[in-house]
Amino acid sequence: MEELTMQQIVAFCKSRGFVFPGSEIYGGFANTWDFGPLGVELKNNIKKAWWKTFVQEDANTYGVDAAILMNPRVWEASGHVQSFGDPKMDCKVCKQRFRADTLVENHSKNTVSAEAMTNEELEKYIEDHNIKCPNCGNKDWTQIRKFNPMFITSRQMVGDEKDVVYLRPETCQGEYINFQNIQRTMRAKVPFAIAQIGKSFRNEITPGNFLFRTVEFEQMELQNFCKAENSMETYDSYKQKALSFVKDVIGLDETKLRFHDHDKLAHYAKAACDIQYNFPMGWQELNGIHNRGEWDLSRHQEFSGKTMLYTDPFTNEKFLPNVVEYSIGADRLFLATLCNAYKTEKLDNDETRVVLKLKPYLAPFKVAVLPLQKNLGEKASEVYNSLIKHFMADYDEAGSIGKRYRRHDEIGTPFCVTVDFDTLEDNSVTIRDRDTMKQERVKIAELVNYITKKLEA
Ligand code: ATP
């Protein structure tokens, strides 16, 4: 079977109402995308599955939905304001932007510590070692410039005065700053976790590859607060849970998933790894798991002047919990899910069909109602109207029944219900399974139960 390309996925998403280019009628707006009717459903179902696995099914995890706009001091504590000075340079040929220190470190295979180098030293090293653009292979660099990784907006004050406000580049700060609120109100005992799903905004240096790296995206992540001596055990258990989520709940092929330990750790981190997925452009990060020590709470304690200490209710010991973070992009997982589910199959009659083999509970439509002929519309509408109270359903009467089956195979609808002339007599319908293409006769009164059971499987 031919390898799936990113262009195919982009075209499929656009033509089937999953994802459209952002601001398309104005010529687009680079690296922004709008989710269409089917895309919204799939993404919501992915988010629901994540929340169910990590919040609903874990008694020690609490949800939060923090504000996107936060006190700018938060971003001083997190280190983002400081990193405004990261040394960036552009390739004049392909216009991609890179961190100069990363170029040096990669070229030297980490034998040179670029962190301590001045901009002039970095430029000289790049020149002397003839370091070329990793994207296009040319060597035509701009000078090193500062680049701001955060989007800046402002709050209008009196007159012309304005306060700088940042669009959050990560959601996790909302959990750290609410650590005490949530611990107190939920009477939570360490170890416990705070989870959030929400938008983040990053002025990415090299966005691209469709939804893989965009400037606005959703994160699904949690921060587990634990004792230092238990943090590695917690880290290991999230590695396994994160893998089992993408494999068993989302359905990604095991052969396309692997762990990747970080070569370089932040100075405060005890361990860090990614789960990578084999996307059409190769192995890339799908999610991250980090053992961050006490860095985050200690920074907020320092910058806010408020205590972040936790008192053990049994021993009265006061300590700063360690943080283990698990974070996955909803849009990036959406892309992996589509790439993984998109299959072209050869049928017995030598025809081919495209079928989106999504887990039934992730599918945009759970069921499609198809009258065999238009004059069965009244009965079919009755069936459709009873099903939409329970499931996202579609009603489709255009074209031959075969074409309608193919249309729904392609968008992943797990069940097609056909209303035929016998239905008028026996109040039964034919229900066809997307994957096996087998058909069964089911009483209309039994349909909701039948589909519900299959969705739980
Ligand atoms: P990367 O190395 O790919 O830039 P990161 O290490 O900066 O990612 P984190 O800050 O750990 O990523 O964010 C957690 C998750 O959020 C990532 O694993 C990814 O799934 C998602 N993510 C991060 N940046 C983007 C982006 N620009 N567009 C889409 N998803 C993103």
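Is Leu-372 buried, partly exposed or exposed, and what is its relative accessibility? This and the exercises below refer to a predicted model.

**Exercise 1. Classify Leu-372 and place it on the surface.**

Step 1. The class limits are under 20% relative accessible area for buried and over 50% for exposed. Leu-372 has 36% relative accessibility, so it counts as partly exposed.

Step 2. Leu-372 sits in the loop that runs between β19 (367-371) and α11 (377-387).

Step 3. Together with Phe-421 and Leu-424, Leu-372 makes up a nonpolar surface patch whose joint accessible area is about 260 Å².

**Exercise 2. Describe how helix α4 is packed and what comes after it.**

Step 1. List the buried residues. In α4 (residues 100-107) these are Ala-100, Asp-101, Leu-103, Val-104 and Glu-105.

Step 2. Find their partners. The buried residues of α4 pack against two strands, β4 (87-90) and β5 (97-99), and against helix α5 (119-128).

Step 3. Check the backbone past the helix. Lys-109 follows α4 and has a positive phi, near 50°.

**Exercise 3. Characterise the surroundings of the ligand.**

Step 1. Start with the shell. There are 16 residues around the ligand, and those that come nearest are Arg-202, Glu-204, Arg-213, Thr-214 and Glu-285.

Step 2. Go through polar atom pairs. For Arg-213, a polar side-chain atom is 2.6 Å from a ligand oxygen. For Thr-214, a polar backbone atom is 2.8 Å from a ligand nitrogen. For Arg-332, a polar side-chain atom is 3.0 Å from a ligand oxygen.

Step 3. Quantify the cover. The ligand taken alone exposes 590 Å², and the protein buries 83% of that area.

Step 4. Assign the shell to elements. Two or more shell residues come from each of β10 (216-226), β13 (282-291) and β16 (322-329). The largest share, four residues, comes from β13.

**Exercise 4. Analyse three salt bridges: which residues pair, at what distance, and how accessible is each partner?**

Step 1. The criterion is a side-chain nitrogen of Lys or Arg within 4 Å of a carboxyl oxygen of Asp or Glu. Under this rule the model has 30 salt bridges.

Step 2. Asp-58 pairs with Lys-241, with 3.7 Å between the closest N and O atoms. The pair joins distant parts of the chain, 183 residues apart: Asp-58 is in the loop between α2 (37-56) and β3 (61-63), and Lys-241 is in helix α8 (residues 231-249). Asp-58 has a relative accessible area of 18% and is therefore buried, while Lys-241, at 28%, is partly exposed.

Step 3. Glu-204 pairs with Arg-213, again with closest N and O atoms 3.7 Å apart. Glu-204 is buried at 18% relative accessible area, whereas Arg-213 is partly exposed at 24%. Both residues are also among those that come nearest to the ligand.

Step 4. Asp-420 pairs with Arg-441 at 2.9 Å between the closest N and O atoms. Asp-420 lies in the loop between β21 (415-419) and α13 (421-426) and Arg-441 in strand β23 (residues 439-443), so the bridge ties together parts 21 residues apart in sequence. Asp-420 is buried at 14% relative accessibility, and Arg-441 is partly exposed at 37%.

**Exercise 5. Name the residues of a salt-bridge network.**

Solution. Salt bridges link Glu-345, Arg-353, Lys-357, Arg-406, Asp-409 and Arg-432 in a network.

Note on methods:
Residues are numbered from 1 along each chain as its sequence is written. This is a predicted model: local features need pLDDT of at least 70, side-chain atom pairs count only at pLDDT 80 or more; totals for chains, interfaces and linings use all residues. Side-chain values use heavy atoms; hydrogens and water are left out. Patches are made of residues with over 30% relative accessible area and no salt bridge: like charges are joined within 9 Å, nonpolar side chains (Val, Leu, Ile, Met, Phe, Trp, Tyr) within 5 Å. Accessible areas come from the Shrake-Rupley method with a 1.4 Å probe; for residues, only the protein chains shown count as cover. Buried means under 20% relative accessible area, exposed over 50%, partly exposed in between (1.4 Å probe, protein chains only). Contact means heavy atoms within 4.5 Å. A residue is near a molecule or strand if one of its heavy atoms lies within 4 Å of it. A polar contact is a pair of N or O atoms within 3.5 Å; within protein, one must be able to donate a hydrogen and the other to accept it, and residues adjacent in sequence count only if both atoms are side-chain atoms.
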